[in-house]
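Welcome, and thanks for taking a look at this one. Below is a short briefing to read alongside the sequence and the coordinates.

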Amino acid sequence: PETSVSVSQKSYSAGPSGRTIVYDEDGKPCRSCNTLLDFKFATNALHGKVADSTGAVPEAAAAAATVSANIPGSKHYRQVEPADVEELGRSSWTLLHTAAAKYPRQPSDAQKQEMRQFLSIFSHIYPCNWCAKDFEQYIRDRAPRVDSRDELGQWMCEAHNDVNQKLGKELFDCNFWKKRWLDGWE
Ligand code: FAD
């Protein structure tokens, strides 16, 4: 991906994390390509604000809550446990909804076919067998709507709600899928 581009106000090549800040083609910091800390830093800079250090707080709190020993011989990597069904689910929904949010507004036939294939393969290899079986069935019953970003985002939201319902959770209002997974709330 491209690194830094020149935009109005200030743009930075690296954020507080030390990583290169990635910008979208429209010159805005890319939400799904940067850490939250760097994204907030770059967004604040674009709006002419001083970098907001509160962006670090949730990450710091999360890190403090999961303190564990490092892997032997490593100064950096902690002995993190393998993902359980919830962590796997949250991570996977993040991938699926974000992929829908970044799907082309007007996909080519090839891109539509790729997305259909991806979802089909994903439903076969999802590493929670019983979840995968239900997701496969959902796809058989309600084929993924891949004709546009909006249709795919709605379809994904409905698919996620099907699991929410199965688990007895509150349904998510799909009018807000784009704010949750693309634009943000501000
Ligand atoms: P999640 O349900 O993971 O949601 C994460 C975030 O997504 C929420 O905080 C909310 O902001 C947003 N969100 C919630 N609903 C929607 C929606 N409809 N549209 C858009 N955004 C939304 N777990 C099981 O126990 N049994 C299963 O059969 C099962 N099947 C799964 C199938 C798939 C394909 C996937 C990806 C996951 C599955 N899971 C299953 C995991 C389960 O869906 C949750 O991810 C997990 O229980 C953690 O739930 P959570 O409450 O933390 O939030």
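Let's start from the outside: the chain exposes about 12,400 Å², and carbon and sulfur atoms supply 53% of that area. Please keep in mind that this is a predicted model. The chain has 186 residues, of which 32% count as buried. Its secondary structure comes to seven helices and zero strands, three disulfides are counted, and a ligand has 22 residues around it.

**Overall fold**

- Reading along the sequence, you will meet the pattern α-α-α-α-α-α-α.
- If you take the contacts between residues at least 6 apart in sequence, 40% of them join residues at least 24 apart.

**Disulfides**

- As a reminder, a disulfide is a covalent bond between the sulfur atoms of two cysteines.
- Counting bonded cysteines along the chain, the disulfides follow the pattern 1-2, 3-4, 5-6.
- Cys-30 is bonded to Cys-33, with 2.1 Å between the sulfur atoms, and this link is right-handed, with 55 degrees about the S-S bond.
- Are the two ends of that link buried or exposed? Cys-30 counts as buried because its relative accessibility is 1%, whereas Cys-33, with a relative accessible area of 41%, is partly exposed.
- Cys-128 pairs with Cys-131, their sulfur atoms 2.1 Å apart; the link of Cys-128 and Cys-131 is right-handed, with 65 degrees about the S-S bond.
- Cys-128 has 8% relative accessibility, so this residue counts as buried.
- Cys-157 is joined to Cys-174 at an S to S distance of 2.0 Å, and the link of Cys-157 and Cys-174 is left-handed, with -90 degrees about the S-S bond.
- This pair links distant parts of the chain, 17 residues apart: Cys-157 sits in helix H6 (residues 149-166), and Cys-174 lies in the loop between H6 and helix H7 (177-183).
- Cys-157 is buried, with a relative accessible area of 3%, and Cys-174 counts as buried too, at 13% relative accessibility.

**Ligand shell**

- Which residues come nearest to the ligand? Of the 22 around it, they are Arg-90, His-160, Lys-166, Lys-169 and Arg-180.
- By residue class, the shell divides into 11 nonpolar, six polar and five charged residues.
- Helix H3 (85-101), helix H5 (129-141), H6 and H7 each supply at least two residues of this shell.
- The largest share comes from H3, with seven residues.

**Polar contacts with the ligand**

- A polar side-chain atom of Trp-93 lies 2.9 Å from an oxygen atom of the ligand.
- In the side chain of Lys-169, an N or O atom is 2.7 Å from a ligand oxygen atom.
- Cys-157, introduced above as a partner of Cys-174, makes its contact through the backbone: one of its N or O atoms lies 2.9 Å from a nitrogen atom of the ligand.
- How much of the ligand does the protein cover? On its own the ligand has 960 Å² of accessible area, and the protein covers 85% of that.

How values were computed. Residues are numbered from 1 along each chain as its sequence is written. This is a predicted model: local features need pLDDT of at least 70, side-chain atom pairs count only at pLDDT 80 or more; totals for chains, interfaces and linings use all residues. Side-chain values use heavy atoms; hydrogens and water are left out. Helices (H or I, at least four residues) and strands (E, at least two) are DSSP runs, numbered from the N terminus. Buried means under 20% relative accessible area, exposed over 50%, partly exposed in between (1.4 Å probe, protein chains only). Contact means heavy atoms within 4.5 Å. Accessible areas come from the Shrake-Rupley method with a 1.4 Å probe; for residues, only the protein chains shown count as cover. A disulfide is a pair of cysteine sulfur atoms within 2.5 Å. A residue is near a molecule or strand if one of its heavy atoms lies within 4 Å of it. A polar contact is a pair of N or O atoms within 3.5 Å; within protein, one must be able to donate a hydrogen and the other to accept it, and residues adjacent in sequence count only if both atoms are side-chain atoms. Ala, Val, Leu, Ile, Met, Phe, Trp, Tyr, Cys and Pro count as nonpolar, Asp, Glu, Lys and Arg as charged, and the others, Gly among them, as polar.
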